[in-house]
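Student: I'd like to take a close look at one part of this protein, with enough of the whole around it to get my bearings. Could you walk me through it?

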Amino acid sequence: MKIVGTIVEYNPLHNGHVYALNEIRRLSQADVIVAVLSGDFTMRGDLSLWNKFEKTKYALQAGVDIVIELPFLYTVQNSDLFANYALLFLNQMGIQELWFGSESNNPAIFEDSYTKWVNEKNQEKIKAMIKNGNSYKEATSAIINLPSNDLLGFCYYKAIQENHFKISIHTIQRKGDFNSLAPENFASAYAIRSDLSLISTYCPPYVSSKDIRNEEALFSYLKFTILNLTTKELSEFFLVEEGLENKLHEIISFTSYKEFVHHLSSRRYTKSRIQRMLLYVLFQIKKMEVEAIKKGSPSYLRVMGYSKTGLSYIQTIKKRTKIYTNIKNGIHPVFDINLKISKILDMIYHSSEFKSEQSKPIEI
C-alpha cells in the first residue's frame, strides 16, 4: 500500500486545503492519507476556532483517511520541535512520503538550505545573533531566508534528516500569499480568521460558522492565574525565562489578551513565543514536567478519526505500533496534560471536550 502523510492545523480548513488534499491523492496515488493535526492550539500559540474533534471531522470530510493528534505539549513549541514530533508520529504510521503546501514548489531548496544550516560558521552566527538580542526566528532567517510555508518545510526536511527517516518530501504549489485572498475561490487561513464572514465563501459547506471560540475568553482566567501566583511560582512554568516572570504581573493593567500579548512581545520574544508561554502559564505546566517528557521520544499514537480505508490500515499496524483511540488519566503524562486542558476549556467555553476524549474515534 502507498501511505503518505501531511501535517496540518486546519484553522480553519478552507478550499485551499481541500485542493491540496485532492492534489496529494492525485499526484501521489496514495491508498491512505495520514494527517497529523494540531489540536485545540496551534504551533504559534493561537486558539483553534473549533475544538480538535470538530477539526477532525472536517479533515475526514475533506478526504483524510487517518487523523493523528499532535498533543498540546508537542504542538505548542518552536517550529523545529513541532516538526520533529510530527515526523516522529508520521514515521510510526509507516508513511513513505510527506506532502505539504509550498510557495516555491521546489523540494530541492530544502537540501540546499540544510547544507547552509549544518555549516559550522552559520551555526556560530545564529548563536551570536541570539546572544545579541535577536529572536531565534530572526537569527535562523538570516541563514535560511525562506517564506513561511517553505521555512516550515525546511524544518520537516531537517527532522527527516536528523532522525534518518526513509521519508521523501513532496510539495503542492501554494496559491496566493499568507495574508491574501487568492484567485479561484481560495483564501489563506489568516485572511479568514481576520474576517470570519469569509468562512461561507472560502471554506467547504460542511465547515460551520457556528460555535467558533473567541480567544479573548481565555484572558480573565489567565489574569486570575497570574495574579494568584508569586513571581517565583511563575518562573517555574515552561518558557517563562529571563525576567518575564516579573513582567507577567503587569497583566493587572490590561483588559485584553491581544493587548497583553503585544505588550510582552519584543525583539527577542516574538508574538508566537509570548503566546506559547502564556498558554503554559494558563494551564500551569512547569518546566520540569516538559523537560521530563521531552527526554523520551513518543512511542504511541492517538487516533482521532478515520475513514473505512484508514481503519483497515490501522488494523495492519496495531501489532507494531501502540495506538490509543481514546484516553484517560494515567496512560501517559502527555495525555494527562491534554485531559487537564480539556477540562479547563470545557469550563471556559461550556463544551464537552473532556467527555469526547474518552469516546470512540470519529468515523466517516
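How much of the protein chain, as a percentage of its 364 residues, is made up of buried residues? And for the close look, where is Cys203 found, and which residues is Cys203 in contact with, leaving aside its neighbours within four places in sequence?

Tutor: Happy to. Please keep in mind that this is a predicted model, in which local features need pLDDT of at least 70 and side-chain atom pairs count only at pLDDT 80 or more, while totals for chains, interfaces and linings use all residues. Residues are numbered from 1 along each chain as its sequence is written, and side-chain values use heavy atoms, with hydrogens and water left out.

To your opening question: buried residues make up 52% of the 364 residues in the protein chain. Here buried means under 20% relative accessible area, exposed means over 50%, and partly exposed is in between, using a 1.4 Å probe and the protein chains only.

Now the setting. The protein chain has 19 helices and 10 strands; these are DSSP runs numbered from the N terminus, with helices (H or I) of at least four residues and strands (E) of at least two. The radius of gyration of the chain is 20 Å, close to the 21 Å from the globule rule for 364 residues, so the chain is as compact as a globular protein of that length. That radius is taken over C-alpha atoms, and the rule is 2.2 Å times the number of residues to the power 0.38. The C-alpha trace spans about 55 × 50 × 45 Å along its principal axes. If we call two residues in contact when they have heavy atoms within 4.5 Å, then 74% of the contacts with a separation of 6 or more are between residues 24 or more positions apart.

On to your cysteine. Cys203 is found in the loop between H10 and H11, and Cys203 is buried, with a relative accessible area of 5%. Leaving aside neighbours within four places in sequence, the contacts of Cys203 are Pro12, Leu13, His14, Asn15, Ile192 and Leu198. In the other direction, the C-alpha atoms of Cys203 and Gly94 are separated by 30 Å, with their positions 109 residues apart along the chain. Cys155 likewise counts as buried, at 5% relative accessibility. A search of the whole structure for disulfides finds 0, a disulfide being a pair of cysteine sulfur atoms within 2.5 Å.

One of those partners deserves a second look. Pro12 is in the loop between strand E1 (3–8) and helix H1 (15–28), and the peptide bond leading from Asn11 to Pro12 is cis, with omega near 0 degrees. For background, most peptide bonds are trans, and most residues other than glycine have a negative phi.

The loop that holds Cys203 has an unusual backbone angle too. Asp211 lies in the loop between helix H10 (199–202) and helix H11 (219–227), and its phi is near 55 degrees, a positive value in a residue other than glycine. While Cys203 is buried, Asp211 counts as exposed, at 71% relative accessibility. A related case comes after H1: Gln29, in the loop between H1 and strand E2 (32–38), has a positive phi of about 60 degrees although this residue is not a glycine. Gln29 is exposed as well, with a relative accessible area of 57%.

Two further loop positions help with comparison. Thr321, in the loop between helix H17 (308–317) and strand E9 (323–324), is buried, with a relative accessible area of 5%. Apart from neighbours within four places in sequence, Thr321 is in contact with Gln92 and Leu301. Lys175, in the loop between strand E5 (168–173) and strand E6 (181–182), is partly exposed at 31% relative accessible area. The C-alpha atoms of Lys175 and Ser102 are separated by 8.9 Å, although these residues are 73 apart along the chain.

To return to your close look: Cys203 sits in a loop, is buried at 5%, and has contacts that include Pro12, the residue after the cis peptide bond.
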